[in-house]
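Please work through the exercises below with the sequence and the model in view. Each task is followed by a solution in steps.

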Amino acid sequence: MTAKLMAEGQANSGGTRWFDLQDSISGTLRRVFLWLPPGEAPAAGWPSLTMTDGNAVIGTAVDIMRAQASYPTGSNLGWGVLIAVGYPTEDAYDPLQRSWDLGPPPGATYPPFWPSTPDVRTGGGGELARFILEDMREFLAGQVKLDPNHAGLFGHSFGGLFALWLLFTQPGAFSHWIAASPSITWEDSALLAHLKDFDPAGRQLSVHLSAGEWEGDLLAPFQREAEDAPQRLAEKAKTRTIAAAQDMVAHLASLPGVTARYETYVNETHMSVLPVAVNRALHCVLALR
């Protein structure tokens with residue numbers, strides 16, 4: 001079975017095209033953004049970076065590529081194909097579908113985001129993974145030649161959780177894995193069971209985890225006098241975004257074949273970190289030296 005192309009168009013971001021693909025199994029409609037570098041593809045195909053939360057990140061990623069890859073001696077960034085998986089909406093996110101797609105199985109059910117809307121379900125990560133690795137890749141093969149041995153996956157927050165889960169369960173899917181502010185402790189740290197069983201199986205894998213400075217024990221300066229400051233501090237103590245990411249990198253770095261690194265982005269919060277993390281993701285995958 002193949003994904004059905006339902007619509008296509010031009011995005012307002014430097015020559016990016018989008019394609020609305022209907023999942024060949026579930027029927028879910030997802031928007032795949034595609035940006036191609038100038039010139040001919042290398043003999044092995046273009047290196048590529050695939051990103052979750054496509055609507056929120058594609059414009060930033062394309063601007064970074066166009067500005068920096070044109071000046072490689074000043075940026076060290078080479079050309080590559082940008083792929084972003086999102087949804088047919090003009091908003092930055094589709095919160096309901098995103099929760100399902102990026103949550104590793106088995107997931108759970110939560111109260112609605114807003115009154116008179118459906119319950120929020122997680123646990124559909126397997127569906128999204130199959131869509132990316134089968135439906136989307138089959139479709140993209142007709143659009144561009146990609147190097148299967150030089151491909152990165154980037155995700156932020158829930159997207160970082162999804163990227164790590166896919167790394168641990170299907171390590172051969174990508175060569176470079178970038179998880180920014182990953183929700184490692186989500187649903188009672190269920191991800192750690194997959195980490196325990198993770199086997200690189202002789203592969204050479206690059207893993208980069210990161211978080212913003214204000215995702216640790218302290219609130220950002222502008223948050224400290226807010227009415228919800230106590231609740232935010234209590235949530236930080238539960239999520240442990242920085243500490244959990246650092247612990248995971250320490251474990252991954254001890255495994256043969258895995259190059260793992262952690263980075264804290266100064267003066268950034270969970271949301272403001274996104275453009276900084278997208279920039280780093282491009283460099284993790286497409287650095288020339």
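The exercises concern a cavity, the backbone, one helix, two residues and the aromatic pairs.

The model is predicted, so local features need pLDDT of at least 70 and side-chain atom pairs count only at pLDDT 80 or more, while totals for chains, interfaces and linings use all residues. Residues are numbered from 1 along each chain as its sequence is written, and side-chain values use heavy atoms, with hydrogens and water left out.

**Exercise 1. Identify which residues line the largest cavity, and sort the lining by class.**

Step 1. A cavity is a set of points on a 1 Å grid over the protein atoms alone where a 1.4 Å probe fits but cannot get out; lining residues have an atom within 4 Å of a point. The structure holds 1 cavity of 30 Å³ or more.

Step 2. The largest cavity contains about 40 Å³ of space, a volume being the space filled by probe spheres set on the points, which are joined across faces, edges and corners.

Step 3. Its lining consists of T52, D53, V85, Y87, R98, L102 and L128. By class there are 4 nonpolar, 1 polar and 2 charged residues; Ala, Val, Leu, Ile, Met, Phe, Trp, Tyr, Cys and Pro count as nonpolar, Asp, Glu, Lys and Arg as charged, and the others, Gly among them, as polar.

**Exercise 2. Locate the cis peptide bond from P105 to P106 and the positive phi of R240.**

Step 1. The bond from P105 to P106 is cis, with omega near 10 degrees. P106 belongs to the loop between α3 (95-102) and β6 (109-110); helices (H or I, at least four residues) and strands (E, at least two) are DSSP runs, numbered from the N terminus.

Step 2. R240, although not a glycine, has a positive phi of about 50 degrees. R240 is in the loop between α8 (229-239) and α9 (241-252). Its relative accessibility is 36%, so R240 counts as partly exposed (buried means under 20% relative accessible area, exposed over 50%, partly exposed in between, with a 1.4 Å probe and protein chains only).

**Exercise 3. Compare the span of helix α10 with the expected value.**

Step 1. Helix α10 covers residues 274-286, 13 residues in number. The expected span is 1.5 Å times one less than the number of residues.

Step 2. From first to last C-alpha, α10 reaches 18 Å, close to the 18 Å expected. Its buried residues include L274, A277, N279 and H283.

**Exercise 4. Describe the surroundings of A3 and of D101.**

Step 1. A3 lies in the segment before β1 (4-10) and is buried at 18% relative accessibility. Beyond neighbours within four places in sequence, A3 is in contact (heavy atoms within 4.5 Å) with L21, Q22, S24 and D135.

Step 2. D101 lies in helix α3 and is buried, with a relative accessible area of 0%. Not counting residues up to four places away in sequence, D101 touches R30, Y87, G124, G125, E127, L128 and F162.

**Exercise 5. Explain why the pair F158 and W186 is edge-to-face.**

Step 1. Rings of Phe, Tyr and Trp (its six-membered ring) pair if their centres lie within 6.5 Å; planes under 30 degrees apart count as stacked, over 60 as edge-to-face and the rest as tilted. The whole structure has 8 aromatic pairs.

Step 2. The ring centres of F158 and W186 are 5.0 Å apart and the planes are at 70 degrees, so the pair is edge-to-face.

Step 3. F158 lies in helix α5 (residues 158-169) and W186 in helix α6 (residues 186-189), so the pair ties together parts 28 residues apart in sequence. Y110, F158 and W186 form one aromatic cluster.

Technical notes: 1 Å grid on protein atoms, 1.4 Å probe; cavity = no way out; pocket = protein on both sides within 12 Å on 5 of 7 lines; lining within 4 Å.
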